[in-house]
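Colleague: I'd like a close look at one part of this protein, please. Keep it friendly, since I'm still learning to read structures.

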Amino acid sequence: MYRIGELASIANVSKRTIDYYTRLGLLKPQRTGANYRIYDENAVNELQFIEECKKMHLPLKAIRAKLECRRNGILNAHALIQQLNLFSEQLKQLNTELKDITPNLEKLPEAQRETLRNQLSGDSLALVQSLSSILNREVVWH
């Protein structure tokens with residue numbers, strides 16, 4: 001079990017962030033006899049999951065829904081529809097970003113494209129190529 005300061009240190013976030021997530025109900029601490037909040041190992045995992053979702057720019061409402069699905073281990077129809085709608089919105093956003101990026105990529109000299117390619121991880125490169133294929137956009141990466 002971890003007190004808030006220990007959890008913050010482990011997860012590399014501020015105590016204030018943990019307070020905020022707790023107030024929103026994203027994290028659910030237990031209470032000691034002295035009314036201190038304590039968090040278990042599951043809270044560490046959930047906090048890391050929340051931070052990963054935030055890196056993907058997911059809204060807190062979507063993060064809450066994802067956490068509930070993780071906690072319950074069950075996907076009901078409503079939760080599944082929410083996740084599919086979120087995924088659809090993310091694809092729209094990626095499509096818009098890809099539209100913005102593609103003309104600039106095509107203008108780069110081959111040497112700069114090669115440098116950019118080398119800076120992307122293999123997964124990122126595969127994702128860009130897959131998205132361009134799915135969205136019917138030709139992105140020149142080779």
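Let's take the second helix: which residue follows α2, and is its phi positive or negative?

Modeller: That residue is G25, and its phi is positive, near 85°. Before I go on, two notes on what you're looking at. This is a predicted model, where local features need pLDDT of at least 70 and side-chain atom pairs count only at pLDDT 80 or more, while totals for chains, interfaces and linings use all residues. Residues are numbered from 1 along each chain as its sequence is written, and side-chain values use heavy atoms, with hydrogens and water left out.

Now the setting. The protein has 7 helices and 3 strands (helices are DSSP runs of H or I with at least four residues, strands are runs of E with at least two, and the numbering starts at the N terminus). Going along the sequence, the pattern is β-α-α-β-β-α-α-α-α-α. Of the 142 residues, 27% count as buried (buried is under 20% relative accessible area, exposed is over 50%, and partly exposed is in between, with a 1.4 Å probe and protein chains only).

Just before α2 there's a loop coming from α1 (4-11), and N12 sits in that loop. Its phi is near 60°, a positive value in a residue other than glycine. Most residues other than glycine have a negative phi. N12 is exposed as well, with a relative accessible area of 71%.

On to α2, then, with its inward side to start. The buried residues of this helix are I18, Y21 and T22. Looking down the axis of α2, they fall within an arc of 100°, so they line one face of the helix (the arc is taken over the directions from the helix axis to the C-beta atoms). Here's a handy rule: an α-helix has 3.6 residues a turn, so residues three or four places apart point the same way. On the other side of α2, R16 and R23 are exposed.

What does the buried side touch? Its residues pack against α1, β3 and α3. Let's look at T22, which belongs to α2 (residues 15-24) and counts as buried because its relative accessibility is 16%. Its side chain makes a polar contact with the side chain of Y39, at 2.9 Å (that's a pair of N or O atoms within 3.5 Å; within protein, one must be able to donate a hydrogen and the other to accept it, and residues adjacent in sequence count only if both atoms are side-chain atoms). Leaving aside neighbours within four places in sequence, T22 is in contact with L27, P29, R37 and Y39 (contact means heavy atoms within 4.5 Å).

Y39 takes us to strand β3 (residues 37-39), which is joined to β1 by 2 bridges, the two running antiparallel. In the open sheet the 3 strands come in the order β1-β3-β2, with antiparallel pairing (two strands pair if DSSP finds at least two bridges between them). The edge strands are β1 (2-3) and β2 (30-31), each pairing on one side only.

For the α3 side of the story, meet L47, found in helix α3 (residues 41-55). L47 is buried because its relative accessible area is 0%. Beyond its neighbours within four places in sequence, L47 is in contact with L7, A11, V13, I18, Y21 and L27. The C-alpha atoms of L47 and A11 are separated by 7.0 Å, although the two are 36 residues apart along the chain.

Last, Y21 has a part in an aromatic pair, and a search of the whole structure finds 1 of those. The rings of Y20 and Y21 have their centres 6.1 Å apart and their planes at 45°, so the pair is tilted (rings of Phe, Tyr and Trp, using the six-membered ring of Trp, pair if their centres lie within 6.5 Å; planes under 30 degrees apart count as stacked, over 60 as edge-to-face, and the rest as tilted). The partners sit in unlike surroundings: Y21 is buried at 1% relative accessibility, whereas Y20 is partly exposed at 38%.
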